[in-house]
Every structure is written in C-alpha cells, then in structure tokens.
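Here's a walk through some labels that get attached to a structure, and the numbers behind them. Grab the model and follow along.

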Amino acid sequence: MTVFIAMLASFLFAIGAAFAAEECELPVSFLTSDTDLTHAIKEIADQHRLDISVVGTGSSTLPGPDGMKFAYPARLEATLRQRLVGIEIKVTAHVESRQTTAQMAAGLQKILAADKPSVVIWQAGTFDALSGVEPDEFRTSLDDGVDAIDAADADIDLMNMQYSPRTESMLSVGAYADVMRWVAQQRGTLLFDRLAIMRYWNDAGTFDLYSTTKNYDMARSVHDCIGRALASQIINATHLDTDKTQTPR
Amino acid sequence: MARGTRFSAAATEMVANLEVIRPSATVSSVPAVAGERDLRLDLFRGVALWLIFLDHIPQNIVNWFTIRNYGFSDATEIFIFISGYTAAFVYGRAMRERGFLVSGARILRRAWQIYVAHIFLFTIFMAEIAYVAATFDNPLYAEEMNILDFLKQPDVTIFQALVLKFKPVNMDVLPLYIVLLLLFPPILALLLWQPAIAVAGSAILYVLTWNFDWNLPAYPNGVWFFNPFAWQLLFVFGAWCALGGAQRLTGLLRSPVTLCAAIGYLIFAFAITMTWYFEPLGRFVPGWLSEWMYPIDKTNLDVLRFAHFLALAAITVRFVPRDWPLLKSPIMQPAIRCGQHSLEIFCLGVFLAFAGQFVIGEWSGGWLVQVAISLTGILIMIATANLISWYKVIEGRSPTTRAKSTDLAGGEA
C-alpha cells in the first residue's frame with residue numbers, strides 16, 4: 001500500500017512538474033524584439049561569461065528573510081545556468097524597497113562600477129506610481145539612468161510594474177508604463193513588459209492574481225515564471241538559443 | 001524648446017483666427033444667447049458620461065468601443081467643453097439679467113455642490129480601500145499594498161482630500177471642475193464684455209502653463225492629474241462658443257476646407273493610435289514625428305488632444321444639426337436624460353465603476369461578465385437619470401418648466 005501511495009505521489013508530482021514547466025507559456029511576441037544585447041553578445045563571445053545586474057524595488061523580491069532566494073533574479077540566474085551550459089552566469093541583485101526611479105538612477109554608477117555587468121535589468125515605476133512622482137519627472141530619471149548604463153557599456157532591459165488587479169482601482173500605473181515603453185523605444189533598449197505578461201497569465205488562467213492568500217506558493221511560482229521569461233528574452237536577444245524555442249522553459 | 005514653440009504657434013494661430021472671424025461676426029458685441037436648449041449638448045454629455053464610466057473599469061472589453069482608443073482625445077474633453085458651454089449658457093444669461101453678484105454667487109453655489117459630491121465619492125473610495133486593506137493579502141503584492149499606507153494616517157489624508165490635494169484614482173475630474181467654476185465669475189464677465197480678450201487670455205495662460213510648468217500641488221506629492229491652468233482652455237472655449245462664438249464660427253465650420261482638415265486629422269490620429277496597439281506598425285512613424293509628437297500629455301491638455309477634440313466637434317456640428325430630428329426620438333432620450341443630470345450621473349458612474357471592477361475581479365470576469373456589467377451600469381445610470389427627472393417634475397422643477405427661468409436652461413451647468 002505504501003509503495004502504491006509513493007508511486008501515486010511521484011506520478012502526481014511528475015504531472016505537476018510537467019504542468020509547472022508549461023504554466024509560464026507566453027506568446028513569442030512578449031519575448032522577442034529587434035533589439036540585440038550587443039554588449040552581452042560580446043562578453044559571451046570574448047569571455048564565455050554573462051554578468052547581469054538587477055536593479056529594482058520591492059516587487060523584485062518577496063517578503064521574508066529568504067525572499068531573494070525565490071525571487072525572479074535568482075530564478076533568472078538558475079534558468080540561464082541551466083540553459084546556457086559552458087557560460088559562466090552571474091546575476092547580482094540590488095533590490096531596495098521604497099526607492100523612486102530618481103533615487104535608483106542616482107545609485108546606478110556605484111552599482112555599475114562594482115558589478116561591471118554587460119546587462120542591467122532595471123525594474124522601475126511601482127514606487128513612483130505609489131508616491132505620485134510626475135510621469136515627466138519619471139521619464140527624466142529613466143533617461144538619466146539609461147545614460148549612466150550606456151556610459152558603462154552595458155545593455156539595458158527595462159522592466160515595468162506588476163499587474164495587480166486588486167489594487168488597480170487605487171493605483172494607476174498606466175501613465176508610468178507608457179513612459180517606460182516610450183523610453184525603451186526612443187533609446188533602443190529592451191523592455192520586459194511585466195505588466196502585459198502578468199495580465200496575460202491572469203487572463204489565460206495561469207495564475208489567479210486576484211486571489212487572496214497568505215501562502216507564498218503562488219508568489220514564488222510567479223517569480224519563477226518571470227525569471228524564466230526573462231531568461232528566454234535574454235537568450236533571444238543574444239541569439240544563443242540553439243533550438244529556437246522562444247517561450248520560457 | 002520645440003514644444004514651447006509649437007504651443008506659442010497654436011495660440012497665435014488661435015488669436016489670429018479670432019481676428020479673422022471677428023469682421024464677419026454679427027454686429028452685436030454681446031452676442032445673444034440662444035433661447036431654446038440645445039439637446040445636442042445633453043446628448044453628447046450623456047454619451048461622454050457613459051464613456052467615462054466604461055473607461056474607469058480597467059479590465060473591460062467594452063472599453064474597446066470608447067473613443068480614446070481611436071484618437072488622441074477622450075470623453076473628458078467632451079465633458080469639460082460641454083460643461084463650459086452650459087455654464088456660460090446658464091450663468092451668462094443670469095449675469096446679464098441680474099448682475100455679477102447674483103450670478104457669481106450661483107456659480108459658487110454650484111461649485112460647492114460639486115465639492116460635496118466629490119467628498120461623497122471620496123467616502124465611498126475610503127470604504128473600498130478599507131475593505132481591501134482588511135481582506136486582501138498576497139505576498140506577491142507586498143510593494144503595491146503600500147497604497148494602503150494612507151489608512152495609517154487618516155488625519156493627514158482626510159484633510160488633504162478636503163483641500164483637494166489628495167485625489168484617488170479616477171477622481172480627478174470633479175476637482176478640476178470645481179476650480180474651473182471658482183474662477184468662472186470673472187472669466188464669464190470678461191467673456192460677456194470682451195469675448196476675444198477672454199479667449200486670448202485663456203490661450204495665453206495655456207501657453208504660459210506649458211512654458212513654466214504651472215500646476216497645482218497634489219498629495220503626497222506631484223501635481224494635479226488634470227492641470228486646471230491648461231484645461232481651462234477647453235472650458236473657456238466652450239463658454240465662448242455658448243455666448244455667440246459658435247455662431248461666429250459658422251462660416252468656418254461650413255467650409256469644406258475645415259471638413260477636409262478635420263477628417264484628415266482624425267485619420268492621422270487614428271493611424272497613430274493604431275501603432276500603440278500593433279507595435280510593428282510603429283516603424284512607419286518617422287523618428288522626427290515621434291520626437292515632436294510624444295508624449296501626448298493628458299495632464300496639460302496636449303495641443304494634439306485639443307485639436308483632436310476640435311476636429312471631432314467640427315464634424316459633429318456639421319452632421320448633427322441643432323434641429324436633428326433624432327434628438328426628439330425616444331432612442332436618444334436615455335443619453336439626453338443622463339446628460340441633463342450630469343453631476344449625479346457622473347458620481348454614480350464613478351461608483352458603478354468601482355463596484356463593477358469588484359464584480360469582475362471576484363468572478364474573474366470573462367468577456368460576458370464584462371459586457372453584462374457595462375450594460376447594467378449604463379442601465380442604472382439611465383434609470384437614475386429618469387428618477388431624478390421624475391423628482392424634479394413632482395417638485396415642479398423640471399427642465400421644461402424652468403426653461404423660462406435663468407437657472408437650468410440647457411440642463412445643469
């Protein structure tokens with residue numbers, strides 16, 4: 001009987017794992033663009049390594065002491081290591097809650113000097129929306145940050161806000177998302193459209209983002225999917241994908 | 001700065017147009033206000049209220065049918081323009097017949113009513129926030145939940161709301177309206193005395209606002225979402241039209257050149273908005289055009305938005321005449337009724353949007369739920385408008401019985 005239960009459990013677990021792999025499924029258009037990560041391509045070709053810095057606020061981590069372990073920067077690193085065998089991958093996260101984009105932009109130089117990354121994933125906008133920073137000022141700060149990252153010879157991937165249906169009627173993020181789209185387009189940087197991606201997952205039933213829970217499972221799964229989607233986007237933009245599978249795995 | 005030049009040019013052109021129009025205008029320096037109410041205003045204000053309601057529900061498939069997706073301007077422009085028009089229509093007559101003091105006092109009383117309505121909506125918003133704070137928990141949204149922080153300081157927040165500095169999402173229109181009405185008595189007096197100077201002054205204020213970044217401060221920081229110093233342009237322009245400006249523009253509006261320009265501009269705006277939804281189309285927009293055009297600023301009533309509204313208005317006025325037979329038909333009555341009780345219906349719409357969003361969220365709404373909620377919301381708005389009309393009839397205050405008085409002709413201001 002015990003053996004049977006163990007077999008059943010492992011069977012269910014296997015099914016669960018298979019579903020987990022599929023649950024991050026996304027249309028290819030979310031993760032492909034005409035923009036290449038040229039500095040990353042060069043670093044990989046010359047040094048067989050890829051150094052990524054993640055700069056962001058509260059939504060780039062999870063609450064609790066082991067929040068960073070399950071948050072998307074760590075999941076990105078794990079996925080890239082798994083998918084880009086033979087390339088040394090390092091993802092360094094600089095996450096600090098309650099920072100406006102202006103404050104993050106001011107701190108970028110120090111981070112760039114310390115990490116010397118070839119790609120900077122810059123998550124911004126949520127705290128600006130929360131604290132009512134003017135969209136114009138937000139745009140200037142983003143531009144300043146992009147200047148700093150450009151000057152340090154690194155590629156940029158701008159990440160916008162989370163899709164949060166429960167707070168949508170209280171926190172208006174649309175104007176900030178528009179600014180980020182605009183800056184990415186003007187400055188020729190990548191944009192990781194987290195807002196649209198999470199909305200897609202919510203609409204497709206992948207995650208019920210409206211649900212109320214104290215449990216960390218869903219939050220961790222969402223971060224895992226974001227990490228994997230980011231990895232796919234980076235692989236697409238560095239043309240390293242040998243099997244041409246562009247959706248997250 | 002290219003932007004500044006663009007607005008100065010737009011303003012100069014506007015003033016120049018006034019000069020051109022003047023000689024052909026009617027002789028009277030104080031144009032007569034038309035006696036009969038213009039049902040088109042009620043109709044389009046009613047439709048604008050429905051669109052504002054629909055746009056305030058973020059995840060709503062019906063949103064795709066609202067005008068903001070097909071051009072630069074949206075229902076807010078229609079609402080503010082018509083509000084300016086009706087305010088001038090109602091209080092302009094009062095000012096001529098009973099003087100500055102009486103009409104000014106009435107305008108301020110109206111501003112007070114709108115203020116009370118705004119605070120009522122704020123109370124509903126607080127109830128919603130408090131409910132979410134008490135029930136919602138999800139570690140994924142630890143950062144977003146900071147929005148509830150202000151519940152920790154109700155003393156500060158409620159005070160800031162009372163002085164109109166703290167304005168929750170979707171509650172920006174009424175404060176704009178309040179400020180516009182507070183400033184309206186002297187503007188109306190000037191419009192009656194020297195309309196060209198009033199409009200030119202409004203355009204100059206608009207340009208200066210763009211050049212010097214004027215706006216009112218908001219809480220916890222930032223500025224008003226609808227900058228009153230910029231949006232006054234539309235309100236004053238509406239008022240000017242009501243006081244004879246529209247008649248002065250008749251020649252211009254009938255010209256085929258205007259029609260072609262308006263249609264051309266609407267097509268251009270439509271094409272540009274399509275590039276927002278279908279990104280590959282974006283490559284057909286030349287770099288210099290994007291550089292010049294973006295961002296299309298709603299806060300400061302971007303001149304592209306204003307022009308888009310003018311184009312829509314020019315075409316509408318041309319194809320929907322004042323005596324359009326359909327205006328009297330029963331099909332149009334629901335929208336007209338809503339437009340006639342705009343303050344109540346606006347507030348109801350904001351509340352229904354809150355409520356609708358809850359239902360969509362709780363049912364993880366498919367498109368059928370979204371359509372059902374949108375239709376139900378509009379039906380509730382219509383029913384309420386009819387109820388208010390009924391109350392006015394039984395109290396002997398129906399718009400028809402009051403058309404002769406100076407107060408509510410042409411619906412509410």
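Q: What makes helix α13 (residues 333–340) of chain B count as largely enclosed by the rest of the structure?

A: This is a predicted model, so everything here is computed from it. In α13(B), 7 of the 8 residues are buried, so the helix is largely enclosed by the rest of the structure. The buried ones are Pro334(B), Ala335(B), Ile336(B), Arg337(B), Cys338(B), Gly339(B) and Gln340(B).

Q: Why are α6(B) and α8(B) called oblique?

A: Helix α6 (residues 184–193) and helix α8 (residues 228–248) of chain B pack at an angle of about 40°, with 10 Å between their axes. Under 35 degrees would count as roughly parallel, and roughly perpendicular runs from 65 to 115. An angle of about 40° fits neither, therefore α6(B) and α8(B) are oblique to each other. As for handedness, α6(B) passes α8(B) in a right-handed crossing. On the α6(B) side the contact uses Ile187(B), Leu188(B), Leu191(B) and Leu192(B), while α8(B) brings Val236(B), Ala239(B), Trp240(B) and Leu243(B).

Q: What classes of residue make up the contact of α6(B) with α8(B)?

A: There are 8 nonpolar residues, no polar ones and no charged ones.

Q: And why are α3(B) and α5(B) called roughly parallel?

A: Their axes cross at roughly 20° and come within 7 Å; α5 here is residues 173–182 of chain B. The cut-off for roughly parallel is under 35 degrees, so α3(B) and α5(B) get that label. The crossing of α3(B) past α5(B) is right-handed. Residues making the contact include Phe79(B), Ala87(B), Ile107(B) and Ile114(B) of α3(B), and Tyr177(B), Ile178(B) and Leu181(B) of α5(B). By class, the contact of α3(B) with α5(B) has 14 nonpolar, 3 polar and 1 charged.

Q: Which residues touch the most other members of the largest nonpolar core?

A: That core has 175 residues, and the ones touching the most other members are Leu158(A), Met180(A), Ala88(B), Leu233(B) and Ala239(B). Helix α3 (residues 75–135) of chain B supplies the largest share, 19 residues. For a look at one member, Ala88(B) is in contact with Leu188(B), Leu191(B), Ala239(B), Ala242(B) and Leu243(B), leaving aside neighbours within four places in sequence. As background, nonpolar side chains tend to be buried together in soluble globular proteins.

Q: How do you know whether Ile394(B) is buried or exposed?

A: Count C-beta atoms. Ile394(B) has 9 C-beta neighbours inside 10 Å, and 12 or fewer means exposed, so Ile394(B) counts as exposed. Ile394(B) is found in helix α15 (residues 367–394) of chain B. From Ile373(B), Ile394(B) is 21 residues away in sequence and 31 Å away in space, C-alpha to C-alpha.

Q: What makes the phi of His48(A) worth a flag?

A: His48(A) isn't a glycine, yet its phi is positive, about 55°. Most residues other than glycine have a negative phi. His48(A) sits in the loop between α2 (38–47) and β1 (49–56) of chain A. With 11 C-beta neighbours inside 10 Å, against a limit of 12 or fewer, His48(A) counts as exposed.

Q: What makes Arg98(A) count as exposed?

A: Arg98(A) has 12 C-beta neighbours inside 10 Å. The cut-off is 12 or fewer, so Arg98(A) counts as exposed. Arg98(A) also has a positive phi, near 55°, and isn't a glycine. Its place is the loop between β2 (88–95) and α5 (101–115) of chain A.

Q: Which peptide bond is cis with omega of about 5°?

A: The one joining Tyr219(B) and Pro220(B). Pro220(B) is in the loop between α7 (195–212) and α8 of chain B. The bond from Tyr294(B) to Pro295(B) is cis too, with omega near -10°, and Pro295(B) lies in the loop between α11 (287–293) and α12 (303–319) of chain B.

Q: How many residues does each chain give to the contact between chain A and chain B?

A: Chain B gives 29 and chain A gives 32. On the side of chain B that touches chain A, α3 and α14 (342–362) are the elements giving two or more residues. That side divides into 17 nonpolar, 9 polar and 3 charged residues.

Notes:
Residues are numbered from 1 along each chain as its sequence is written. Chains are lettered from A and ligands numbered from 1 in the order in which they are written. This is a predicted model: local features need pLDDT of at least 70, side-chain atom pairs count only at pLDDT 80 or more; totals for chains, interfaces and linings use all residues. A nonpolar core is a set of buried Ala, Val, Leu, Ile, Met, Phe, Trp, Tyr and Cys residues joined through C-beta atoms within 7 Å. A residue is buried if 20 or more other C-beta atoms lie within 10 Å of its own, exposed if 12 or fewer, and partly exposed in between; C-beta atoms are placed from the backbone. Helices (H or I, at least four residues) and strands (E, at least two) are DSSP runs, numbered from the N terminus. Two residues are in contact if their C-beta atoms, placed from the backbone, lie within 7 Å. Axes are lines fitted to C-alpha atoms, for helices over the stretch in contact, and angles run from 0 to 180 degrees between N-to-C directions. Angles under 35 degrees count as roughly parallel, over 145 as roughly antiparallel, 65 to 115 as roughly perpendicular and the rest as oblique. A crossing is left-handed if the near helix is turned anticlockwise from the far one by less than a right angle, and right-handed if clockwise. Ala, Val, Leu, Ile, Met, Phe, Trp, Tyr, Cys and Pro count as nonpolar, Asp, Glu, Lys and Arg as charged, and the others, Gly among them, as polar.
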